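Colleague: I should be grateful for a close look at a single part of this model, namely the place where the two chains meet. Please describe the partner chain as well, as far as it helps to place that part.

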Amino acid sequence: MSSLTFILFRLAPGDPTINFLSPSFNEETRAALMKSFGLDKPLWEQYFIYMGNLLQGNLGQSFLQGKPVAVLLADALPNTVLLTLVSLTAAYAFGIVAGAFLAFHRGGLVEAVSIPAALATRAAPEFWLGMLLLAGLAFQTGWFPTGGALSPGREMNSFAERFMSGDFWWHLALPALTLMLYLQGLPLLLMRATMLEVLNDEFIVMAKMKGLSRWSVVMRHAARNALLPVVTAFALGLGASIGGNVVVETVFAWPGIGRVLVTAVQSADYPLAQGAFILIAASLVTMNTLADLAYAALDPRVSVGAKR
Amino acid sequence: MMKHWMLTVGLTALSALPAMAQQAGDPVRTLVILAQPQAAAPQEFQAAEMVAEAWKQLGLQVQVRALPSQQFNQIVWYERQRWDATTWQMVGRPERSDPDELTYNLFVGANAANGYNFVGYLNPEYDRLAQAQREELDITKRKAVLIEAQELINRDQPYGFMVHPKNLIAYNATVWDDSTMKVQAGIGVRNFWTWIGLKPKGAQKDVILNSTATPTNLSPFNIAGAQGSWAAELVWDRLMRIGPDGLPQPWAAETVTRPTTTTVELTLRAGMKWHDGTPVTIDDAIFSLEAPGYGDKSPMYKPFVGNIAKVETIGPMSLRITLKRPDAAFLVSSLSKLNLASRKIWAPIFEDLKNKPETAETIMEKLPVGSGPFKFVSVKLNEQIVLEANPDHWAKPLINRWIMRITPNIEASLGAMKSGELNVLADYTGDPELLMALPKSNPNIKIADALDMGIRFIAYNERRQPFGDVAFRRAISAAIDRDAIAADAYGGAAVASNSWVSPALAFWAAPGIAKRVPGGTVAAAKQMLKDAGYVLVNGRLHYPVGVKETTAAYQ
């Protein structure tokens, strides 16, 4: 992945000196800047320097921000993680309950209305959803702020202070709601489909025959078994959302990893873009692994190396 | 009988086509105008489309090709043989109040290979004028030279100038005293003088403005992008500043004189302090003038000290700058541009850089220290820049803090103005009509508009025929309806242009030049092409007879 990101950015058109164009810009200026960025060296040499630094945990210095990439990413990552966790948890909590409910009440009016609604929010572009919410809940009513993670000029000395402040959560509400609405379709439909399969299984028939209550049959027996694919989807969704919130972060000026990536790619800030990509890739791999482990823990039948 | 007659006429006309083609050169290839995507630059894109439509009326086949910003800049700047024409813009900056920077760099032949003359305009007569205006210290004579240069460019049309935009700035009139919104010539109300003189009406004493772009690092040796420079000029003082009238005036220097054509003497203001409390000394001023010239460690600022031969102290707070050659714009292009940097902080950094490949542009102090009217407080990538008023400054601002919110979503910025989260909408790239309508829904909001010194234009690549032909350039420029572009593409928030010197710089601008584009109409443009030997064959423009199309179409 590191090699791929290194090559990708160097193959893309443009170089970082483009950001410095001014009427006095000339070849001498460009040469000095290319040297400053280490881009005057042969590609193979740049690659070995980059990989060497990476192995030592050094992501380099942003070309344009004058700060280490690790610092810039560390500033943005908690914002993205919180936005993702909150919206994904809310989406999955809602999706699981609503999916189970719809499966159990199949064929009714509620299902006829709910499924198209879930599909519509799932299919609607994120920016459109975001702008609708902004127009209704921020521009018109003023209930929520129009963007950012904190009120203008608000300074926080630590992440803990930031995340404990009501101001932060007030700013988080609309982007999280947008993502939640966008994400809830998958768990809802997945849960419903799995539940419909599980509800026809013999052990459910057995549970009913044993005279267990409706609640117990649905929640203790059916829902628990139907949860497995939803848990996997949650973990995968978490990994994907770390880098996939670009649109929501842009609409709400949310200072997360997605916007770092956009800023870096737009300005050919190679070290920052590479760092952001590696972080996103690492999140995906980690979450995939966690999904596998969670699946094994929840369903002994899929345990790796289990005794048969 | 009738059918037979029509058939005869038709066949005769068709048989005449090859003969007409023989009286013409090759058809002009499909020309491509490069532009940034509509979503990124809607007004420029629409203007490019309008230009393309006008050129089609001349018999040209024209396409507008949108490219992402990086690719767009890369091709225009570094692949100069490849493109035909491109949209481009020069933004207004205080130091461009003197036309020298653009006069010299945009069109002088020496800059054609790698500099800002990316269209490859070569005209020794223009080079002579550009140099003459630079060396002429008599302002009246210099103005005459600059007018002559503008007329020459009008004759040769290396660019299809389109418009000078208007700066539209919205502000909350219940928060800020209207009368303290200062208009700077060619810049509008979003300027240094407004920020230091803005008077709050009530308890809200923080200016909260927006930026659509993410500024780069703040450093006295980095020419940040437009938005970053708004912050930088508040943190670092300069020896002179461009005043609201567009003329340079002493700032950190108390007095500035030019005893001879190649010397400038100045006296530093007494009692100035850096933000860390240490005094600003004459040594700091000398360092600030010399440091950009140290090797290749400050390439962005180096050109602005390139004409300095020597800097020496002539008194405890006075220094003399000796220039290599006369430079009429020195007070503007150098003394009003170079930031005062602390020798104590930056000399060790430059020393350290000697053994490293990095340049000063890429270095950002942990807590940037200037001597300007605002102190640096914090910067968060994609979030905000916060500055606070410097109580020790002789021009202490009346506001408490200057907060720039980074908001890429322009509709959200409009909403933030309505809700009061912003109290100055300083950076608006959306539809002007939406902005102009804002005061109707919220009477607290007022709009200040002022003509900008910037320009929007189509640059013709003179390396590629037919753009190398002056007659062709004059004709395609004549076909551009600048008033329509200003009205439709820019929603009225622009005026027609035909020079790099905006009418906002009234002293330097050639009077009425926007109305004196040679020809000036599509009909005249057609005649100009015909007079130059270009031929219309079956509605398509061909080169003059004998001329082959030797340039590959843009891919």
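**Chain A and its interface with chain B**

Modeller: Of the 308 residues in chain A, 48% are buried. The model is a predicted one, and its confidence should be considered before the interface is read. For chain A the mean pLDDT is 85, with 96% of the residues at 70 or more. Within that chain, helix 8 (residues 166–183) of chain A has the highest confidence, at a mean of 93, whereas helix 11 (residues 214–244) of chain A has the lowest, at 77. As a general caution, predicted coordinates should not be read in detail where pLDDT is low.

The architecture of chain A is quickly stated. Its secondary structure consists of 14 helices and zero strands, so that the pattern along the sequence is α-α-α-α-α-α-α-α-α-α-α-α-α-α. Along the principal axes, the C-alpha atoms of chain A occupy a box of roughly 85 × 60 × 35 Å. Among contacts in chain A with a separation of 6 or more, 73% join residues that lie 24 or more positions apart.

We may now turn to the interface itself. Here 57 residues of chain A are in contact with 54 residues of chain B. Together the two chains bury about 4,600 Å², and carbon and sulfur atoms account for 56% of that area. On the side of chain B, the residues that lose the most area to chain A are B:Gln70, B:Tyr78 and B:Leu381, which together make up 15% of what that side buries.

Polar and charged pairings also cross the interface. Between chain B and chain A there are four salt bridges. One of them joins the side chains of A:Arg162 and B:Glu383, with an N to O distance of 2.9 Å. In addition, 19 residue pairs, both members at pLDDT 80 or more, are in polar contact across the interface.

The side of chain B that touches chain A draws on both helices and strands. The elements giving two or more residues to it are helix 3 (69–78), helix 4 (100–107), helix 10 (302–305) and helix 13 (410–419) of chain B, along with strand 3 (85–90), strand 12 (374–380), strand 13 (384–389) and strand 14 (401–406) of chain B. Helix 3 of chain B supplies the largest share, six residues. Sorted by class, this side of chain B comprises 23 nonpolar, 20 polar and 11 charged residues.

Note on methods:
Residues numbered from 1 in each chain as written. Chains lettered and ligands numbered in written order. Heavy atoms only, no water. pLDDT = per-residue confidence, 0-100. Helix = DSSP H or I, 4+ residues; strand = E, 2+ residues; numbered from the N terminus. Contact = heavy atoms within 4.5 Å. Buried area = accessible area lost by both parts, 1.4 Å probe. Polar contact = N/O pair within 3.5 Å; in protein donor to acceptor, adjacent residues only side chain to side chain. Nonpolar A, V, L, I, M, F, W, Y, C, P; charged D, E, K, R; others polar. Buried < 20%, exposed > 50% of the residue type's maximum accessible area, 1.4 Å probe, protein only.
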